[in-house]
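Please open the model in your viewer and keep the sequence panel beside it, since each stop on this tour begins with a selection. The tour goes from an annotated span to a surface patch, then to a core, and then to charged pairs.

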Amino acid sequence: MTYFKRDHLKEFSEGKFGEDAPELWKKFLNYYSSVMDEGDLSTREKALIAFGVAHAEGCPYCIEAYTTKLLEEGCDQDQLAEAIHVASAMKAGMTIAMGLQSKELSDKLTN
């Protein structure tokens with residue numbers, strides 16, 4: 001048994017969480033769907049962004065949902081892998097950039 005359960009993705013899609021605080025659930029769904037609808041960015045571009053964020057944040061539910069969505073949108077495995085590498089490079093760069101705080105403090109305390 002794992003902490004993340006595949007059935008939760010289906011239950012999320014079916015609105016099970018909306019059983020509690022239904023008005024907030026409805027507001028979330030309205031916001032989410034309006035953001036993910038076609039706009040200045042295509043639904044495919046938005047799904048690629050979501051896919052990268054899902055990997056950077058480590059959400060297995062979103063990884064599954066957006067892998068499926070992107071395959072339906074016509075992406076292939078090479079494109080998915082490239083998006084994962086973009087997310088990985090961004091996460092690595094952010095981690096290194098945040099190291100400047102530590103370096104600045106270290107420089108002050110040791111000089």
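Begin by selecting residues 22-94 in this predicted model: the span is 84% helix and 0% strand, and the C-alpha atoms at its two ends lie 36 Å apart. The selection corresponds to an annotation in an unreviewed UniProt entry, which records residues 22-94 as "domain: Carboxymuconolactone decarboxylase-like".

**A nonpolar patch on the surface**

Next, select Phe-12, Phe-28, Leu-29 and Tyr-32 and show their surface, for these residues make a nonpolar surface patch of about 350 Å². If you then colour helix H2, residues 22-36, you will find that it supplies the largest share of the patch, namely three residues. Tyr-32 is located in helix H2, and because its relative accessibility is 35%, it counts as partly exposed.

**The largest nonpolar core**

Now hide the surface and select Met-36, Ala-47, Ala-50, Phe-51, Tyr-66, Leu-70, Cys-75, Leu-80 and Ala-83, which are the nine residues of the largest nonpolar core. Which helices each supply at least two residues of this core? They are helix H3 (43-57), helix H4 (60-72) and helix H5 (77-110), and the largest share, three residues, comes from H3. As a general background to this stop, nonpolar side chains tend to be buried together in soluble globular proteins.

To look at one member of the core in more detail, centre the view on Ala-47 and display its contacts: leaving aside residues up to four places away in sequence, Ala-47 touches Met-36, Tyr-66, Lys-69 and Leu-70. Keep Lys-69 displayed, as this residue returns at the next stop.

**Charged pairs**

The count of salt bridges in the model comes to seven, and three of the pairs are worth selecting in turn. Start with Lys-69 and Glu-73, whose side chains meet in a salt bridge with an N to O distance of 3.1 Å. Lys-69 counts as partly exposed because its relative accessibility is 32%, and Glu-73, at 26%, is likewise classed as partly exposed.

Move on to Lys-91 and Glu-57, where the side chains form a salt bridge at 3.7 Å, N to O. This pair links distant parts of the chain, with Lys-91 in helix H5 and Glu-57 in helix H3, 34 residues apart. Is each partner buried, partly exposed or exposed? Lys-91 has a relative accessibility of 36% and so counts as partly exposed, whereas Glu-57, at 60%, counts as exposed.

For the third pair, select Lys-108 and Glu-104, which meet through their side chains in a salt bridge of 3.4 Å, N to O. These two residues are separated by about one helical turn, because they are four residues apart in helix H5. With a relative accessible area of 58%, Lys-108 is exposed, while Glu-104, at 47% relative accessibility, counts as partly exposed.

**A last stop on helix H5**

Finally, stay on helix H5 and select Leu-100, which is found in that helix. Leu-100 is an exposed residue, since its relative accessible area is 56%. If you add Gly-39 to the selection and draw a distance between the two C-alpha atoms, you should read a separation of 37 Å for residues that are 61 apart along the chain.

Definitions and conventions. Residues are numbered from 1 along each chain as its sequence is written. This is a predicted model: local features need pLDDT of at least 70, side-chain atom pairs count only at pLDDT 80 or more; totals for chains, interfaces and linings use all residues. Side-chain values use heavy atoms; hydrogens and water are left out. UniProt positions are given in the numbering used here, feature names are shortened, and annotations may be inferred rather than shown by experiment. Patches are made of residues with over 30% relative accessible area and no salt bridge: like charges are joined within 9 Å, nonpolar side chains (Val, Leu, Ile, Met, Phe, Trp, Tyr) within 5 Å. Accessible areas come from the Shrake-Rupley method with a 1.4 Å probe; for residues, only the protein chains shown count as cover. A salt bridge is a side-chain nitrogen of Lys or Arg within 4 Å of a carboxyl oxygen of Asp or Glu. Buried means under 20% relative accessible area, exposed over 50%, partly exposed in between (1.4 Å probe, protein chains only). A nonpolar core is a set of buried Ala, Val, Leu, Ile, Met, Phe, Trp, Tyr and Cys residues joined through side-chain atoms within 4.5 Å. Contact means heavy atoms within 4.5 Å.
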